[in-house]
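Subject: Structure handover and findings

Dear colleague,

I am handing over the structure we discussed, and it is placed directly below so that you can open it alongside this message. My notes on what was found in it follow.

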Amino acid sequence: GENEPSEEKVQFGSVRGNPEQWASCIEVIDATSLSVSSQLELEGNYAVTCMAWVRFEGQEADILAVATALDIKLQPRGCSGGEIRLYTFKDKEKGLELLHSTSVRGIVRAMKPFQGRLLVGVGNALTLYELGKKQLLKKSENRKFPNFIVTIDTAGDRIYCGDAQESVHFCRYRWEDNLIHIYADDTIPRYMTASAVLDYNTVLGGDKFGNIFVCRLPKDVSKEVEDDPTGGRAMDNSSSALHSAPHKLESVCSFHLGDTVTAIQRTTMQPGGKEIVLYMTILGEIGALVPLTSKEDVDFFSHLEMHLRQDNQPLCGRDHLSYRSSYNPVRNVIDGGFCEQYSQISKELQSRIAEELDRSPGEVMKKLEDMRNKIL
């Protein structure tokens with residue numbers, strides 16, 4: 001009758017596709033007007049997995065390298081095939097023109113320009129490509145990475161690769177034998193999501209469990225690698241049976257953020273300002289890591305944090321030190337957000353903590369404000 005419910009299906013919210021259905025597009029946005037000047041949609045169930053600017057040897061302009069994958073499956077990870085597409089600008093840099101595409105076997109999660117060539121992480125293989133007329137030309141490859149390459153950084157002839165489950169690997173490329181060797185890795189298995197190079201021997205990274213860390217190659221090992229005429233090749237071959245690199249990285253800093261890190265970038269927030277590290281998280285937080293260059297600052301902020309841990313317990317009762325050490329013991333990192341709570345505690349408590357630090361409450365507030373002004 002008229003009161004019977006209708007059997008028609010009603011769509012609520014946005015339309016959802018099948019689990020293995022993908023759609024991607026590349027947009028060129030005019031920075032002056034913030035308008036989309038060109039849009040290129042990918043057809044055939046291709047999805048963009050990463051992009052990189054690269055200037056190949058002998059080229060006068062940058063080329064946009066776009067990695068795509070067909071029929072991606074998230075669990076277990078796989079795809080039907082992939083391509084690396086090279087695009088050049090046209091119409092006064094307002095549009096894109098396809099130069100050529102190169103087929104790859106798996107999902108490309110990271111790409112990086114390297115000495116006039118392109119480094120590509122395809123699954124557990126690190127491949128070095130050179131520009132050809134009809135496609136990219138493979139020049140070198142290393143397939144000894146444990147699982148899946150998710151980050152690539154470079155400095156000089158060194159390559160720093162982040163694995164999806166086995167932290168950072170230090171590699172070196174030798175022009176003499178055209179080979180990439182892994183000469184150092186981490187002792188802690190970290191599920192890498194982002195990384196940045198701090199100096200020639202130091203890498204800062206973030207993992208999927210909300211930790212941020214700094215790994216460093218010892219100085220004596222760095223000198224040994226530089227002086228080795230084989231570039232680490234002999235040691236690499238001798239320890240391959242152990243599935244490990246001949247040298248190990250040292251853990252310099254460790255800190256639990258509580259949120260998955262999605263991007264890390266070295267930058268300065270003001271002209272002539274101090275260089276800092278910005279990190280972004282999956283829930284939308286933008287945080288800054290500021291290096292403390294004087295022992296006085298280290299002593300002041302570490303003691304302030306210690307007194308706040310004792311006198312300003314968290315609302316839910318969890319120990320602050322235990323939380324920041326959820327996966328690895330917190331090391332050489334001071335929680336600036338926790339120190340900022342000094343201005344919110346009672347005047348009596350402020351005076352007591354300031355007296356322990358041999359300062360007045362106003363001087364403590366001024367010190368916190370100066371540190372904040374170094375960023376913004």
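Please keep in mind throughout that this is a predicted model. I begin with Asn332, which has a relative accessible area of 59% and is therefore exposed, since exposed residues are those over 50%. Asn332 sits in the loop between helix H4 (320–324) and helix H5 (336–339), and its phi is positive, at about 55°, although Asn332 is not a glycine.

A second positive phi, near 60° and again in a residue other than glycine, belongs to Ser167. This residue lies in the loop between strand E12 (158–163) and E13, and because its relative accessible area is 0%, Ser167 is buried. On the subject of backbone geometry, you may also wish to look at the peptide bond between Gln75 and Pro76, which is cis, with omega at about -5°; Pro76 is found in the loop between strand E4 (63–70) and E5.

Turning to the interior, the largest nonpolar core has 22 residues, and those with the most contacts inside it are Val168, Phe170, Leu217 and Leu249. At least two residues of this core come from each of strand E11 (149–155), strand E13 (168–174), strand E14 (179–185), strand E15 (192–199), strand E17 (211–216) and helix H1 (219–227). Apart from this core lies another, of 17 residues, with Ala52, Ile84, Val108 and Leu136 among them. As general background, nonpolar side chains in soluble globular proteins tend to be buried together. For Leu249, when its neighbours within four places in sequence are left aside, the residues in contact are Val168, Phe170, Ala184, Asp185, Asp186, Cys215, Arg216 and Leu217.

Two further buried residues may repay a look. Phe148 is placed in the loop between strand E10 (137–142) and E11, and it counts as buried because its relative accessibility is 7%, which is under 20%. The C-alpha atoms of Phe148 and Ala164 are separated by 5.3 Å, while the two residues are 16 residues apart along the chain. Leaving aside neighbours within four places in sequence, Phe148 is in contact with Ala164 and also with Arg77, Ile107, Arg109, Gly123, Asn124, Gly162 and Asp163.

The other is Glu83, which lies in strand E5 (residues 81–90) and, at 17% relative accessibility, counts as buried because the limit is under 20%. Its side chain makes a polar contact with the side chain of Arg85, at 3.0 Å. With neighbours within four places in sequence again left aside, the contacts of Glu83 include Tyr46, Val66, Ala67 and Thr68, together with Ser101, Thr102, Ser103 and Val104.

Finally, since pockets may be of interest to you, I come to the largest pocket, which holds about 1,500 Å³ of space. It is lined by 50 residues, of which Ala288, Leu289, Val290, Val333 and Ile334 are the closest to its centre. Helix H3 (residues 295–311) gives the most to this lining, with five residues, and by class the lining has 32 nonpolar, seven polar and eleven charged residues.

With best regards

Note on methods. Residues are numbered from 1 along each chain as its sequence is written. This is a predicted model: local features need pLDDT of at least 70, side-chain atom pairs count only at pLDDT 80 or more; totals for chains, interfaces and linings use all residues. Side-chain values use heavy atoms; hydrogens and water are left out. Helices (H or I, at least four residues) and strands (E, at least two) are DSSP runs, numbered from the N terminus. Buried means under 20% relative accessible area, exposed over 50%, partly exposed in between (1.4 Å probe, protein chains only). A polar contact is a pair of N or O atoms within 3.5 Å; within protein, one must be able to donate a hydrogen and the other to accept it, and residues adjacent in sequence count only if both atoms are side-chain atoms. Contact means heavy atoms within 4.5 Å. A nonpolar core is a set of buried Ala, Val, Leu, Ile, Met, Phe, Trp, Tyr and Cys residues joined through side-chain atoms within 4.5 Å. On a 1 Å grid over the protein atoms alone, a cavity is a set of points where a 1.4 Å probe fits but cannot get out, and a pocket is an open set with protein on both sides within 12 Å along at least five of seven lines; lining residues have an atom within 4 Å of a point. Grid points are joined across faces, edges and corners, and a volume is the space filled by probe spheres set on the points. Ala, Val, Leu, Ile, Met, Phe, Trp, Tyr, Cys and Pro count as nonpolar, Asp, Glu, Lys and Arg as charged, and the others, Gly among them, as polar.
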